[in-house]
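Trainee: I should like to learn how to read a structure that is new to me. May we go through it feature by feature?

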Amino acid sequence: MTDVKTPPAEPGTAAEPEAKPLAWPLGLAGVVLVIVGSFLSWSYDSSILGDLSINFYPGGLQILAIILAVVALVLLLAEKGPLTKLGAWLDATAGLRALGVTLTLYMVLVVIAITADSDGLINVNPGAYVSLGGAVLILVSAWMLPLRHLRDMSEARLPAWFEILAIAVLMAAVLFVAAYALGLEDAWSFILCLVFLAALVTVLFRTGSLTWIGHVSQRNRKVLTLSAFLVAFLFPFTQGGSDANMSIATQVLVFAATAMGLNIVVGLAGLLDLGYIAFLGSGAYVAATMSTSAFATVGWKPPFLVVMLIGAGVAATLGLIIGTPTLRVSGDYLAIVTLGFGEIFRFSMFNLDGNNGPNLTNGPNGVPGIPDLEIGGFNFGEVHTVAGIELGRFSNYYFLLLVLTAFVILVFSRLNNSRIGRGWVAIREDEKAAEAMGVNTFGLKLLAFAVGAFLAGLAGTIKAHQDGAVSPDQYIFLESAFLLAAIVLGGMGTIAGVLLGATILKLLPEKLRFFSEYRLLLFGLLLVLMMRFRPEGLVANRRRQLEFHEEDEQLAVEIDDEHLLVEEAK
Amino acid sequence: MTVTESNPAPARAPGAAVLEATGVTMRFGGLLAVNDVNLTVREGEIVGLIGPNGAGKTTFFNCLTGLYKPTSGQVRFSGTPLPPKPRAVVKAGMARTFQNIRLFANMTALENVMVGRYCRTSSGALTSVLRGPKFRREEAATTARAQELLEFVGLGKSTEHLARNMPYGDQRRLEIARALATDPKLILLDEPTAGMNPLETRQASDLIFKIRDSGLSVVVIEHDMRFIFNLCDRVLCLVRGEALIEGTPHEVQSDPRVIEAYIGTGEEDDEEEVERLQDAPAEGEETP
């Protein structure tokens, strides 16, 4: 216990404030109250929020509250009690404060949700108030505990098997939570689940565990990548044959793969492209017009793999055509020119209807009735049963898109760590200096455009079949803006960040349909808040993080240390 | 740093000319920034370029390195005319550093130098994605060469530091290492000791000698008279865009026109400065 009060890294503890004697028992009482409350009935109405009305039989949302209470208990015990060793590493107090705030928010939202869903505060049962009281107690006790100085998490070394186990547990949790959250039907439950997730992530962040996870994943990159794909691969099997969520998941994947292509252009080469959706569109239009749809305008029907290459090739060619004249301007001008190009594409598709020029696209009607893919006798429209679990149409596309996404990520990461990638980053950092060091700046910028367009074109060809129709109004400027927002939100130039950003931006509007009118307002707000509080994105590229927190000396030293650590590990 | 180096003219047999600039003139609208300047740099030679602020030193530099296309005049490098394109100039074997350091701030020291290898390597996008044996070999060679160069300039220990976090003097060295990575025959340094303390300046001149000894020619722009007179085999003084005098450090520093150009007409206030300027070589010879 003395260990905690005088942690090894901090010899001069005179300045450290003492904990108020009441704080710790108060927190413990809070935990007990939350758990007891969760076992009681929260709501009189059994038809809302997945039935929270039965005593001693906690529903889903109550279990989430219990999980948070258990986390609070662990943090309290790390503060004082059997887990103090852990407390030397974890910033338990900061974590507890974050948890107190989020848990209270969670309980308040529960009360609001019950009130809103069943017309009246009267429907809230005492259990909810007990839990709310417990949450407030945890909050109060956390603010009475002192903040302490801690040992650096990056020094924490655990056996390799433990680190791998941690990754496995984390991934399993991700899979479980994703399946659970997507299974929630009503918006309030989904929002509460999001609050729960936010609570967990903030606690991980505030206790410093997230830094540790970052270090671990850096050390075990291959394990992490493999397990992430395994989780993504297993996801359809958790859906029990339902295609509703798989439809959303396929859209997320198309969006993520496209965003990853744009990430090359924006994140690596630093070129602001506001018309990127046109490349996805050109891929989709190629696939549509060459499909066996009754409305397809091209007579030649090659196998799909050929169509994919043609679609991607057409997109890349468009990229080159648009890039050659426009890449001579930079910055804001480039953004405007590419924005114009995106609109030109849309209007071209709108007008190539036979009245003006050849009939390629059927104008505003687009190409409907595109049949499902069939590759090597495998029909993507049929339901297949694997290990007793039905995999529907969207699951089939999901697997195909997963392969595509893996390919796009592979291309991205390999290009990033190569001569080409270094050239791109050099251009982003200082174009004049790059040119003076012999980097072919114009050629590389053009290449970034072409590669990005190629990858988007690939995604487009699959998207056409998956949607079953293409029309010009799918490829509006807003979509380009969303792709860009996904990159900015997630973290420019990173893989995990962009995947996360794409998931958030595609998933939330689908699940929060009743917000649809305020969707743009919400995203605007989200972006403004992000730029204010975390301009480097959710998953920060450590370098960019420094760019935005220039005055932070400590961060600079940390990042350098980390580089050295990584070197050592090699 | 020996006596010969500070007064080398008779001792050294002139090598073949690496760079020949003849009648270089640069006009920006009505402003004549550089007027009919000639400069020849031979193999293994250190040439200094001095002049008061606004004399057109950097403009002349930019004409040499292809950043500007001279209004008239010609720049020949190893006997062939240089295309006015920075990339082609680098490829031909002429590298430069910048007056205000222009590193790739968010890349590590090693990556910065590796970017310098860009024009001497050839892996394209496809090879980078496929990662064949050729790619691996080239990548390994690039890393090894970059590491070697960092050690050459004395930064062997900070390869993984971000350029922006390095101390000022190290950033200057890193920029030199990055320029050396392009395998140049001639390296042009634009004020390599600006903002350095005396110790760092000494280290910089040691480094430049080391570069010269490895077989390169060097052109240096500098304000620090003592530094340049100790360092250079020949010095060219530019004033208002025109070549005032070219010769050995000794000739240049004793030329009254140079003193006048730098500090006015030798009024009373400036006497001290004049003395300092004339003392420079003597002190230089004293240093071991």
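Mentor: Let us begin with a single residue. Ala173(A) is found in helix α7 of chain A, which covers residues 160–183. Please keep in mind throughout that this is a predicted model.

Trainee: Is Ala173(A) buried, partly exposed or exposed?

Mentor: One compares its relative accessibility with fixed limits: buried is under 20% and exposed is over 50%. Ala173(A) has 36% relative accessibility, so it counts as partly exposed.

Trainee: How many residues apart along the chain are Ala173(A) and Val231(A), and what separates their C-alpha atoms?

Mentor: They are 58 residues apart along the chain, and their C-alpha atoms are separated by 9.8 Å.

Trainee: Let us turn to charged side chains. How many salt bridges does the structure hold over all chains?

Mentor: A salt bridge needs a side-chain nitrogen of Lys or Arg within 4 Å of a carboxyl oxygen of Asp or Glu. Over all chains, the structure holds 17 salt bridges. One of them joins Asp467(A) and Lys463(A), with N to O at 2.9 Å. Both residues belong to helix α18 of chain A (residues 441–467), where they stand four residues apart, about one turn of the helix.

Trainee: Which of the accessibility classes does Asp467(A) fall into, and which does Lys463(A) fall into?

Mentor: Asp467(A) is partly exposed because its relative accessibility is 34%, whereas Lys463(A), at 16%, counts as buried. In chain B, Arg257(B) forms a salt bridge with Asp255(B), and their closest N and O atoms are 3.2 Å apart. Arg257(B) is partly exposed at 42% relative accessible area, while Asp255(B) is buried at 11%. Elsewhere, salt bridges with shared partners connect Arg117(B), Arg145(B), Glu148(B) and Asp183(B) in one network.

Trainee: What does chain B contain in the way of helices and strands?

Mentor: Its secondary structure comes to twelve helices and ten strands. Chain B has 288 residues, of which 53% count as buried. Among its contacts between residues at least 6 apart in sequence, 69% join residues at least 24 apart.

Trainee: Where does Arg419(A) lie, and what is its nearest side chain of opposite charge?

Mentor: Arg419(A) lies in helix α16 of chain A, residues 419–429. Arg419(A) is buried and has no salt bridge, the nearest side chain of opposite charge being Glu138(B), 4.9 Å away. That distance of 4.9 Å is to be read against the limit of 4 Å for a salt bridge. The side chain of Arg419(A) does, however, reach the backbone oxygen of Ser123(B) at 2.7 Å. Beyond its neighbours within four places in sequence, Arg419(A) is in contact with several residues of chain B, among them Tyr118(B), Thr121(B) and Glu139(B).

Trainee: How does one find empty space inside a model, and how many cavities of 30 Å³ or more are counted here?

Mentor: A probe the size of a water molecule is rolled over the atoms, which shows where empty space is left. The count here comes to two cavities of 30 Å³ or more. The largest cavity has a volume of about 50 Å³, and the residues that line it include Arg419(A), Arg422(A), Gly423(A), Met114(B) and Arg117(B). The elements giving two or more residues to this lining are α16 of chain A and α4 (109–116) of chain B.

Trainee: Which element gives the largest share of that lining?

Mentor: The largest share, three residues, comes from α16(A).

Key. Residues numbered from 1 in each chain as written. Chains lettered and ligands numbered in written order. Predicted model: local features only at pLDDT ≥ 70, side-chain atom pairs only at ≥ 80, totals over all residues. Heavy atoms only, no water. Buried < 20%, exposed > 50% of the residue type's maximum accessible area, 1.4 Å probe, protein only. Lys, Arg positive; Asp, Glu negative; His and termini not counted. Polar contact = N/O pair within 3.5 Å; in protein donor to acceptor, adjacent residues only side chain to side chain. Contact = heavy atoms within 4.5 Å. 1 Å grid on protein atoms, 1.4 Å probe; cavity = no way out; pocket = protein on both sides within 12 Å on 5 of 7 lines; lining within 4 Å. Points joined across faces, edges and corners; volume = space filled by probe spheres on them.
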